[in-house]
Amino acid sequence: MSSEYKRQETLAKVGPLIKHTLEHGYVIIPNAFSKTEIEEAKQELRRLSEQPAPGPASSGGRNAFEGYRTNRIYALLNKSRVFDKFPLHPDVLALNDYFLDDGFLMTAFHSIDIRPNEDAQSLHHDDQYIKIPRPHPPYGTAIMIALDEYTETNGSTVIIPGSHKWDSERQPDRSEAVPVVMPAGSIVYFLGTLWHGGGQNRSDRGRQALTVQYCMSWMRQLENQTLAVDWEKLEEIPPRLVEMMGYKVGNPFLGTSTRTSAMSSRIASMALRARAAPTMLRSGTAPRFQQPTLLNRLYSSAADDFPPPPLLQKLKGDLKTAMRAKDANRLSVLRNIMSANLNASKTAAPIKTDVQLVALMRKIAKGAEDAAAEARAAGRQDLVDKEAAQIAILDEYMQGSGVATLGQAELKAAVEAAVKEVKAAGVEGKSIFGDVMKNLNAALQGKDVDKKSLAELVKQATSSRVLSSEALPPPQLIVTHGVRDFILTLFRQAAEHLQKSISGHFNNMTRVNISGGSSFEDQIGYCRAVVLDDGWITVAGTTGYNYATGEISSDVAEQAEQTLLNIDKALREAGSCMGDVVRVHYILPDRNDFQATWPVLKKWFGDVRPAATMFQAVLMKDEMKIEIEVTARKGCSKK
């Protein structure tokens, strides 16, 4: 069937739905699923949520965007066959046939349970990570399936109709958003370019939904479906859904593999069965292929090719013990390790040694530390305690692993010895770094080493710009001792005079500290701004948190706006204003995001024109996309 014929057929089936979506960016499909199907899904989610550690966000989100009072269960296809029917609704597939390309993929599938008193999610559009100027065609679509009735007060999805047509400079206002109201079992379908967000739940009950997101066949999926779903479960999943997970070659040859393996043969066999399967029924039920009488396991993971690390065997035993004891924290830690190990086993770098396993645990512990810091900033002490308990368990395993972990001092000593050895062998120039790293990798075999810190130490030690005092030539005296002593005396007297002048000036000067309301100020020991009585005001580096709610948007332009609102508040408390700003520093982790903030910066500083510099640097948290610090002088506003 040609793509044009398929498009015309789609128009005939769902023409009114397409027309509404083209005009408004969304469409509601009422009563798409029966009460029985909805109730079955809710019961299954209840069962999953009662299991120990059903997912990383199953008892509250990890950040403001996920929602601290919102429960999510990810990778539903790996957990139950009850949910298979929901991504395959015929009207949704027909709409995707129109808006997306042939072979479109499923990029994410999870549940969302917005609990009472949850705050509104920041407004966003799902393709905001695609750095192409708007307006542009949608590269993805999404559906929300209401398991509970969507009302104006229970956290229903809010949308801005028509916002899919906006350009890149047009930013949303919360007053423009309207709630989606629909009965349980209904679907709201919207384009990836539509501004939307989760609503505030002002009711006394949770609001449950399923969300499925789709993308073009050539895009990378948000959830890596080939890793998120165990391969042995593929035979149980409808073939159409398996193809949408990514197990299909897209036009003209996307995802091609010339490797002949048991796994590729297995997928090819499933594809043949998919072609033989009956056409999907219009009722929305998913086609199933006939299971063979004898089903052999046709693949083996890379983990089968070598003995597992001894530490991994211990962890597997502890997992069974933790399940019997219902030790939720230990279960969560062990399942995270097992999941990461399984993912690694499907790559070219599987975990084969205890050293690699300890490095993996160190990485997981670092993630838990970051999550604890974020929860602390949001005032969620329960989540802080949970992460701290899991960090303690990881430390217990790392310390009892028998793997020697080298600290910074030991690493530095090893680097210095290796550099000396390589230089003694006559190696100089650019090749010295590689030779030192090669020697260290051999010398540190079997020890737990932070490779990033090691590389940085080697870089510092081998850089031509870093010279030891031994390498510097002795100073050349070009004056007599009498003249030298006279000059040194003059400098000493001048320095003492300058010090007294500066000290007297500042001792007579008063200062006022201004707080911005961030919890970090007490934790770290700083304030939002310092005001001196000579009119100078220094505002600390400020980020886009709403300090009243603890929320931060995922959009860099929205973060810039909130950041400048925070700075403006501090300046006004100091008796100043944004018009007094004379110097601005913009700090972004990704310099490519800077242009997206220009309309916001122009709005605030277009008439002021302060001196400005943009830096690219890693910020304290991954969710922070911009930090701004300013210097101002009272009364110098541009007239």
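This section describes the overall make-up of a predicted model, followed by one of its helices, its salt bridges, its internal cavity and some details of its backbone.

The protein chain of the predicted model contains 17 helices and 17 strands. Of the 639 residues in the chain, 45% are buried. Among the contacts with a sequence separation of 6 or more, 78% are made by residues that stand 24 or more positions apart.

Helix α8 comprises 18 residues, from 328 to 345, and spans 25 Å between its first and last C-alpha atoms, which is close to the 26 Å expected at 1.5 Å a residue. The buried residues of this helix are R330, L331, S332, V333, L334, I337, M338, N341, A344 and S345, and they pack against three other helices, namely α7 (310-325), α9 (354-377) and α10 (381-399). In the loop that joins α7 to α8, K326 adopts a positive phi near 55 degrees although this residue is not a glycine. With a relative accessibility of 70%, K326 counts as exposed, whereas R330, at 19%, is buried.

The structure holds 19 salt bridges in total, and R330 takes part in two of those described here, one with D327 and one with E396. The side chains of R330 and D327 meet with a nitrogen-to-oxygen distance of 3.6 Å, and D327 is partly exposed at 30% relative accessibility. In the pairing of R330 with E396, the corresponding distance is 3.1 Å. Because R330 belongs to helix α8 and E396 to helix α10, this pair ties together parts of the chain that are 66 residues apart in sequence. E396 has a relative accessible area of 42% and is therefore classed as partly exposed. A buried arginine is thus paired with a partly exposed carboxylate in this bridge, given the relative accessible areas of 19% for R330 and 42% for E396.

A further salt bridge joins the side chains of R380 and D382, with 2.9 Å from nitrogen to oxygen. Here R380 counts as buried, at 14% relative accessibility, while D382 is partly exposed at 44%. Elsewhere in the chain, R81, D84 and E236 are linked in a network of salt bridges. In general terms, side chains of opposite charge can pair when their charged atoms come close.

Turning to internal space, the structure contains one cavity of 30 Å³ or more, and the largest cavity encloses about 110 Å³. Its lining is formed by 14 residues, of which D126, Y129, G140, Q213 and Y214 lie nearest the centre. Strands β4 (140-146) and β9 (207-215) are the elements that contribute two or more residues to this lining. By residue type, the lining divides into seven nonpolar, five polar and two charged residues.

Q213, one of the residues nearest the centre of the cavity, lies in strand β9 and is buried, with a relative accessibility of 15%. When residues up to four places away in sequence are not counted, Q213 touches L105, M106, T107, A108, D126, T141, A142 and L222; D126 is also among the residues that lie nearest the centre of the largest cavity.

H110 is located in strand β3, which covers residues 105-114, and at 6% relative accessibility this histidine counts as buried. The C-alpha atoms of H110 and V212 are separated by 6.9 Å, although the two residues are 102 residues apart along the chain. Leaving aside neighbours within four places in sequence, the contacts of H110 are with R72, I73, Y74, L76, A209, L210 and T211.

Two further features concern the backbone. The peptide bond that leads from R134 to P135 is cis, with omega near -5 degrees, and P135 is placed in the loop between β3 and β4. R609, which is not a glycine, has a positive phi of about 55 degrees. This arginine is found in the loop between α17 (594-605) and β16 (611-616), where R609 counts as exposed at 66% relative accessibility.

How values were computed. Residues numbered from 1 in each chain as written. Predicted model: local features only at pLDDT ≥ 70, side-chain atom pairs only at ≥ 80, totals over all residues. Heavy atoms only, no water. Helix = DSSP H or I, 4+ residues; strand = E, 2+ residues; numbered from the N terminus. Expected span 1.5 Å × (residues − 1). Buried < 20%, exposed > 50% of the residue type's maximum accessible area, 1.4 Å probe, protein only. Contact = heavy atoms within 4.5 Å. Salt bridge = Lys/Arg side-chain N within 4 Å of Asp/Glu carboxyl O. 1 Å grid on protein atoms, 1.4 Å probe; cavity = no way out; pocket = protein on both sides within 12 Å on 5 of 7 lines; lining within 4 Å. Points joined across faces, edges and corners; volume = space filled by probe spheres on them. Nonpolar A, V, L, I, M, F, W, Y, C, P; charged D, E, K, R; others polar.
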